Amino acid sequence: MATLIRSKISNKLSNAATAVSNKSQAKVSGMFAKMGFQAATDEEALGFAACDDLDYDHRQGMQMEILTSDDMGGEGSGEGGAMDGDSHYQRDGTGLPHSGSKDGGPTDELSEEKPKITAWEAGWNVTNAIQGMFVLGLPYAILHGGYLGLFLIIFAAVVCCYTGKILISCLYEEDEDGQLVRVRDSYVDIANACCAPRFPSLGGHIVNVAQIIELVMTCILYVVVSGNLMYNSFPSMPISQKSWAIIATAALLPCAFLKNLKAVSKFSLLCTMAHFVINVLVIAYCLSRARDWAWDKVKFYIDVKKFPISIGIIVFSYTSQIFLPSLEGNMHKPSEFHCMMKWTHIAACILKGLFALVAFLTWADETKEVITDNLPPTIRAVVNIFLVAKALLSYPLPFFAAVEVLEKSLFQDGGRAYFPDCYGGDGRLKSWGLTLRCSLVVFTLLMAIYVPHFALLMGLTGSLTGAGLCFLLPSLFHLKLLWRKLLWHQVFFDVAIFVIGGICSISGFIHSMEGLIEAFRYNIQE
């Protein structure tokens with residue numbers, strides 16, 4: 001009897017405890033439901049478990065970093081400490097992005113300490129991207145846009161700065177302690193996260209295609225501008241613009257054998273300084289003709305047919321979002337990224353606006369697609385030769401990046417690769433890998449020969465991939481990944497940028513294609 005009584009009491013206590021537990025769980029679920037969360041399904045529970053594992057790895061990595069810094073005698077403190085003044089932006093234990101290896105898999109590089117860059121060095125890289133040769137087409141945009149073109153130079157700077165920041169914010173998520181943890185490493189990772197779980201790799205494929213198009217079009221533009229500049233520098237020579245493009249491409253064939261950019265990167269600073277000097281020379285010449293400036297030619301009305309092309313030109317001159325995740329991942333203090341983006345885009349906006357306005361005021365309706373073609377013959381030849389040298393030395397950078405994306409997507413994607421690896425066991429390039437690279441160089445030449453229109457190609461690229469990578473995708477990804485944390489004005493900005501960017505992209509693409517078709521049909525030369 002006593003045993004039976006104890007059994008009943010035990011059952012009642014167990015049932016009561018279960019009821020209390022269920023009620024408390026229901027209250028907690030209801031509370032979370034009111035806050036906008038839903039009960040976790042089995043798939044979500046697996047995702048939470050994966051996040052727990054990620055958080056555990058992150059904490060273990062942080063502990064290993066602390067032990068390592070202690071063993072090195074406090075070397076991580078002071079100016080050299082990667083975590084100094086930067087506790088809000090934490091890294092995983094490796095300190096390196098997962099995309100550091102060539103094939104995307106783990107390598108010995110993860111155990112090595114890569115040198116971090118300062119905010120000034122990061123700003124120099126961004127400046128090189130948005131202050132390159134393609135500013136030579138901005139006066140042509142003012143020709144068809146007037147004061148609205150100047151406004152768009154400012155507007156594009158503001159929008160690209162904002163979308164660069166929100167793109168980086170998509171790399172981070174908060175852990176249980178409210179700290180921001182970097183859980184993604186690249187633009188492709190962000191795109192895949194937005195398309196998961198139904199299409200986990202679709203977003204990455206879209207971004208890769210857009211990157212390849214933009215990089216290859218950049219290579220084509222370098223060949224086009226080289227042929228254009230040489231032809232206009234020596235008009236008396238019996239060599240056509242297409243022939244100059246072929247000569248330039250012959251000098252670029254060694255790019256097919258590149259395995260890394262060490263041999264080319266040493267010239268980047270020299271090229272940038274040369275381009276800066278060229279800009280100063282052009283502006284100095286324009287200032288010398290300030291008395292003849294045609295202020296009355298700067299209008300408020302626009303050329304409806306050609307102005308959308310100008311939008312693409314302006315947007316393309318600001319494209320840098322492709323490499324921003326990698327750049328921020330290698331910064332010594334990632335918390336300084338936002339400040340760096342502000343001053344680089346403010347400087348770019350001022351310099352581009354002044355350069356475009358001053359050059360247009362000097363030549364007004366005679367402004368050509370490449371502004372250096374307006375210079376007197378003696379100055380033009382010297383300036384253009386320097387520009388051609390810069391274009392040829394800049395070509396390997398986008399070319400090598402495009403080759404890496406193609407090789408990783410088609411040849412080195414683990415078990416999902418479509419073709420065998422381009423490299424042998426000894427690291428030597430195989431025949432089909434060399435064929436791919438040579439074909440890419442020849443393709444850029446053919447495009448430069450048959451479509452030798454710098455401004456139209458630049459406008460087409462800016463409208464197609466520039467607007468997508470700089471306007472549409474960052475705002476869409478920001479809304480998708482951080483929807484629950486966004487304030488109303490952030491949602492408004494993202495939606496507005498997406499709508500405006502979509503309209504500009506479609507109109508610019510249509511008018512650029514119409515311009516190219518017209519130029520091809522009537523054999524119009526620049």
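Helices here are DSSP runs of H or I with at least four residues, numbered from the N terminus. With that in hand, let us walk through this predicted model, starting at helix α4.

Helix α4 spans residues 138–145 and is mostly covered, with seven of its eight residues buried. The buried ones are Leu138, Pro139, Tyr140, Ala141, Ile142, His144 and Gly145. They pack against four helices: α5 (147–169), α11, α13 (337–363) and α17 (454–481). Just after α4 comes Gly146, which has a positive phi, near 60°.

Two residues of α4 lead us onward. Leu138 and Ala141 are both touched by Ile314, which also reaches Gly149, Leu152, Ile153 and Ala156, leaving out residues up to four places away in sequence. Ile314 belongs to the largest nonpolar core, a set of 117 residues, and is among the members that touch the most others, together with Tyr318, Met340, Tyr395, Phe399, Phe454 and Phe477. Which helix gives the most to this core? Helix α7 (residues 202–233) does, with 15 residues. As background, nonpolar side chains in soluble globular proteins tend to be buried together.

Now look at a residue of α7 itself. Leu202 lies in this helix, so is Leu202 buried, partly exposed or exposed? Its relative accessible area is 41%, and because buried means under 20% and exposed over 50%, Leu202 counts as partly exposed. Setting aside neighbours within four places in sequence, Leu202 is in contact with Asn192 and Cys195. Asn192 is ten residues from Leu202 in sequence, and their C-alpha atoms are 6.5 Å apart.

For a contrast in setting, turn to Gln321, found in the loop between α11 (307–316) and α12 (324–329). Gln321 has a relative accessible area of 1%, so this residue is buried. What does its side chain meet there? A polar contact of 3.0 Å joins it to the side chain of Thr163. Beyond residues up to four places away in sequence, Gln321 touches Thr163 along with Cys160, Gly164, Leu167, Tyr187, Leu469 and Cys470.

Finally, there is some empty space to visit. The model has two cavities of 30 Å³ or more, and the second largest holds about 40 Å³. Its lining is made up of Ala129, Ile130, Gln131, Gly132, Met133, Phe134, Val135, Ser317 and Lys352. Sorted by class, that lining has five nonpolar residues, three polar and one charged.

Terms used:
Residues numbered from 1 in each chain as written. Predicted model: local features only at pLDDT ≥ 70, side-chain atom pairs only at ≥ 80, totals over all residues. Heavy atoms only, no water. Core = buried A, V, L, I, M, F, W, Y, C linked by side-chain atoms within 4.5 Å. Buried < 20%, exposed > 50% of the residue type's maximum accessible area, 1.4 Å probe, protein only. Helix = DSSP H or I, 4+ residues; strand = E, 2+ residues; numbered from the N terminus. Contact = heavy atoms within 4.5 Å. 1 Å grid on protein atoms, 1.4 Å probe; cavity = no way out; pocket = protein on both sides within 12 Å on 5 of 7 lines; lining within 4 Å. Points joined across faces, edges and corners; volume = space filled by probe spheres on them. Nonpolar A, V, L, I, M, F, W, Y, C, P; charged D, E, K, R; others polar. Polar contact = N/O pair within 3.5 Å; in protein donor to acceptor, adjacent residues only side chain to side chain.
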